[in-house]
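Got your viewer open? Let's take a walk through this structure together, one selection at a time.

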Amino acid sequence: MPEFFELEKVDKRFGDNHVVKSVSFGVRCGEIFSLLGPSGCGKTTILRISGGFEEPDSGKIFLDGKDITDTAPNKRKINTVFQNYALFPHMTVFDNIAFGPRTAGVDEKRVGEMVDEMLSIIRLEGLASRKTDTISGGQKQRIAIARALINKPKLLLLDEPLAALDLKLRQYMLLELDRIHDEVGTTFIYVTHDQGEAMSLSDRIAVMNSGVIEQIGTPAEIYENPRTKFVASFIGDTNFFEGSVASVTNREYCRIDFFGLGEFPSYNEHSLSVGDRVTVSIRPEKFRIFDKKPENENLNMFEAQVIDIVYQGAQTRYWVKSADGRRINIVTQHNRCYLDYKQPTWDDKVWVAWHPDDVTTLPEEAPH
Amino acid sequence: MKSRYTSLFVTIFVMVFMYLPIVMLVSQSFNESRYGGKWMGFSLKWYEALFRDSAVINATVNTLVVAFAATVISTAVGTCAAWTLNKYRLSRLQSAHYVLVYAPMCVPDVLMGISLLLMFVSMRVDLGIATVILAHATFCLSFVTFTVLARLQDFDFNIIQAAQDLGAGNFRIFVKIVLPLLGPGIAAGAMMAFTLSMDDFVVTFFVGGPGSTTLPVKVYSMMKHGPPAIINALSVVFMALTFTVAIAGQFLTRKKF
C-alpha cells in the first residue's frame, strides 16, 4: 500500500549542524503519527520541512502520491498548528478561523457557516467575537487547531501543541485532540518530546534521536520491543544489564551471562550467536518480588535486598540491590488490597524473578 | 500616606514648572494689551492680525510642506532601516548600523546644522526648501527607526508563517497581517518625525535659504520686529498644531493589540 504522506531520504544541515540525517518514513491516511524525541533531535525541523517552511538539502516529500518537495507552503494541502499558537493578535476568534477560507475566496455567507461548524467541533461557540488576547491558553490552542482544520487539509501538522499548557489542561486537551481527530478524520503528524502524550494519542510513533529515526511502531511495539538502547531508555523506565551470549539453546532461546549476576535463559529475537555482546533491557513491571525462592522453574531469579520503597497508590516502586551491588528498579501493581497482605519492607531479603520472554535484548549498536 | 503626598507635591511642582510659561503665553495671546503684562481685557485681535499677515501664512505653508515631505522620506527610509536592523540583528554590520542610526539623536543640533550646511555648500546645492527637507529627513530618520524597531521587536514573526500556512500570498500577508500590526508603530514614528520637523529651529536656520522660512524661524525674526502680541497668538496656533500631532502619536504607540 502506498503511503499517504512520505518523506524519502530527507537531509538537512544548518551550517555545521547535521539536523536531519537521511530520514525516510511514511504516514498512513487518517492516522495520528507522532515524532517523538528529545529537544534538538530534528523532529521540529522535519515538521517544518513537511509544512514547507524549510527546504530539505536533499530528499523528496510526497503527499497523496504527488511530489510536493518544491511546493510553497501556501500551495500545500497541509496546515500547521504552531507551538505558540501564532494566532493573529489583531483579529477576533472568528476572523482568525475565517482567515483560510477568506484567503481562498470563499463567499462570506459560506465562511460564516464553516466557522460556526469549526467552533462547534472545538466546542467554543460562544467565543466568536472575542479578541484572542482575552482567552485562555487551552482555548487559544483549540482555535489554532480550528483555524488549520477549516481548510480541510489532507495533513495536519502539530508542533508540540500542548507544551505551553499546565498538566491538567494538557490531559484534557489530549482527550480533546483525540476526539477532534475522530470527528474530522484528518491525518495528523504530532511532534512532541513528551512520551506520555505520544503514547496515549498516537497510532504509530517514530522515536527520533540526533537526526535519525531510531524506531517506528505502535506505542505498544515501541514500549515492549524497543530496537535500541535509546528507545528503551527514552520511553518509560527500564533496567539495563550488560552481558554476552553464553550459549544458544534453540532457535528461540539463548542463555545470556548477566555479568556478575549469573546466566539466564532469554528470548533470542535477534538470532544472536555465542559470544555476542548485548544489553538486556527489563522493564520495572516485568519483575516480580517473592519473599522466598519461588518454585516456578520457568522463571529467572536472583536474590536481592530491598533498599527503597515508594508507595504510589496503584503501584509500589522498589529499589533493590543485588549481591554484586547493582540497583534494580521494580514496580508491582496492587491487584489486591495493599494492606491485607504482608509486603516487603526495608532491608528484607527478597527474590527478584522475571520470565525469559519479558526481556529485550539489544545487540551492540552500529554507530550512526 | 507620606509618600503619596510627596508624589503629589512633585507632580504639581513639575506640572507648574513645565506648563506655567505655556499658560502665560496662551493667556497673553488673548490680552488686548500690545506688550503683554497687564491684563487689558479679552481680545481676538492678535489672531485676526495673524491671519491677515501673508508672511505668516507663507511660513505656515512652508512648515507644513517641509514637515510632510521630511516625514514621508524619513518614515519610508526609517522603516526599512528598522526592518533590516531587526532581521539581521546578530550581524556585525548591523551593530555598526545601529550605532550609526543612534548617534544623530545625541549630536547637538548646531553641529548637525553646520555639517549639513557645509555639505550643501561644498556640493554647490542652492539653499532653499529642498535642503531644509533633506536636513529634516536626516535627523527625523533616527527617531522613526527606533520607534518602528521597538514595535518590530514585539512582533511575532511566526504569525507570518501561520498566514502563509493558511494559503496567503505575500501581498495578502502584507495587507492583512503586517500592515495592521506594524501600522500603528510606523504611524507613531511618522507623527514623531512630523512634530520634530515642525518645531525645528536650529538646523533650519543653518540650511534654509530665501523663501524657505518656516514658522520657528519666522517667530525668531518677529521677536526682533513684529508686535510681541502677534507672536503670542502665532505661538499658540503653532503649539496647538504640535500638541495635536504629538498626542495622536502617543495614542498610536500606546494602543495595544
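Before the first stop, one bit of vocabulary: two strands count as paired if DSSP finds at least two bridges between them. Also keep in mind that you're looking at a predicted model.

**Stop 1: the start of chain A.** Select strand E1 of chain A, residues 5-14, together with E2(A), residues 17-27. The two run antiparallel and are joined by 7 bridges. For one spot on that ladder, pick Val10(A): its bridge partner in E2(A) is Val23(A).

Now widen the selection. Which strands make up the sheet here, and in what order? There are 4 of them, in the order E2-E1-E4-E5 of chain A, forming an open sheet with antiparallel pairing. At the edges you'll find E2(A) and strand E5 (66-67) of chain A, each pairing on one side only.

Next, add helix H1 of chain A, residues 43-51. H1(A) lies across E1, E2 and strand E4 (58-63) of chain A, and runs at about 65 degrees to E2(A).

**Stop 2: the two domains of chain A.** Try colouring residues 5-233 of chain A one way and 237-363 another: these are domain 1 and domain 2. How far apart are their centres? Taken over C-alpha atoms, 39 Å separate them. Where the domains touch, domain 1 of chain A gives 6 residues and domain 2 of chain A gives 5 residues. On the domain 1 side, those residues divide into 2 nonpolar, 3 polar and 1 charged.

**Stop 3: strands in domain 2.** Select strand E16 of chain A, residues 300-311. E16(A) pairs with two strands you can show next.

- Strand E17 of chain A (residues 315-322) pairs with E16(A) in the antiparallel sense over 7 bridges. Look for Val306(A), whose bridge partner in E17(A) is Val320(A).
- Strand E19 of chain A (residues 349-354) also pairs with E16(A) in the antiparallel sense, over 6 bridges. Here Met301(A) stands opposite Ala353(A) in E19(A).

Zoom in on the turn linking E16(A) and E17(A): the two form a hairpin with 3 residues between them. Gly313(A), in that turn, has a positive phi of about 85 degrees.

**Stop 4: over to chain B.** Hide chain A for a moment. How many helices and strands does chain B have? Its secondary structure comes to 11 helices and 0 strands. Turn chain B around and you'll see its C-alpha atoms fill a box of roughly 70 × 65 × 35 Å along the principal axes.

Select helix H6 of chain B (residues 129-153) and helix H8 of chain B (residues 170-198). Their axes come within 8 Å and cross at roughly 155 degrees. Angles over 145 degrees count as roughly antiparallel, so that's how H6(B) and H8(B) lie to each other. The crossing of H6(B) and H8(B) is right-handed.

Show the side chains where these helices meet. From H6(B) they include Phe139(B), Phe143(B) and Val148(B), and from H8(B) they include Leu182(B), Ile186(B) and Met192(B). By class, this contact has 13 nonpolar, 5 polar and 1 charged residues.

**Stop 5: where the chains touch.** Bring chain A back. The contact takes 17 residues from chain B and 18 residues from chain A. On the chain B side, helix H7 (158-165) and H8 each supply at least two residues. The largest share, 7 residues, comes from H7(B). The chain B side as a whole divides into 9 nonpolar, 5 polar and 3 charged residues.

Notes: Residues are numbered from 1 along each chain as its sequence is written. Chains are lettered from A and ligands numbered from 1 in the order in which they are written. This is a predicted model: local features need pLDDT of at least 70, side-chain atom pairs count only at pLDDT 80 or more; totals for chains, interfaces and linings use all residues. Axes are lines fitted to C-alpha atoms, for helices over the stretch in contact, and angles run from 0 to 180 degrees between N-to-C directions. Angles under 35 degrees count as roughly parallel, over 145 as roughly antiparallel, 65 to 115 as roughly perpendicular and the rest as oblique. A crossing is left-handed if the near helix is turned anticlockwise from the far one by less than a right angle, and right-handed if clockwise. Two residues are in contact if their C-beta atoms, placed from the backbone, lie within 7 Å. Ala, Val, Leu, Ile, Met, Phe, Trp, Tyr, Cys and Pro count as nonpolar, Asp, Glu, Lys and Arg as charged, and the others, Gly among them, as polar. Domain bounds come from an automatic or database domain assignment.
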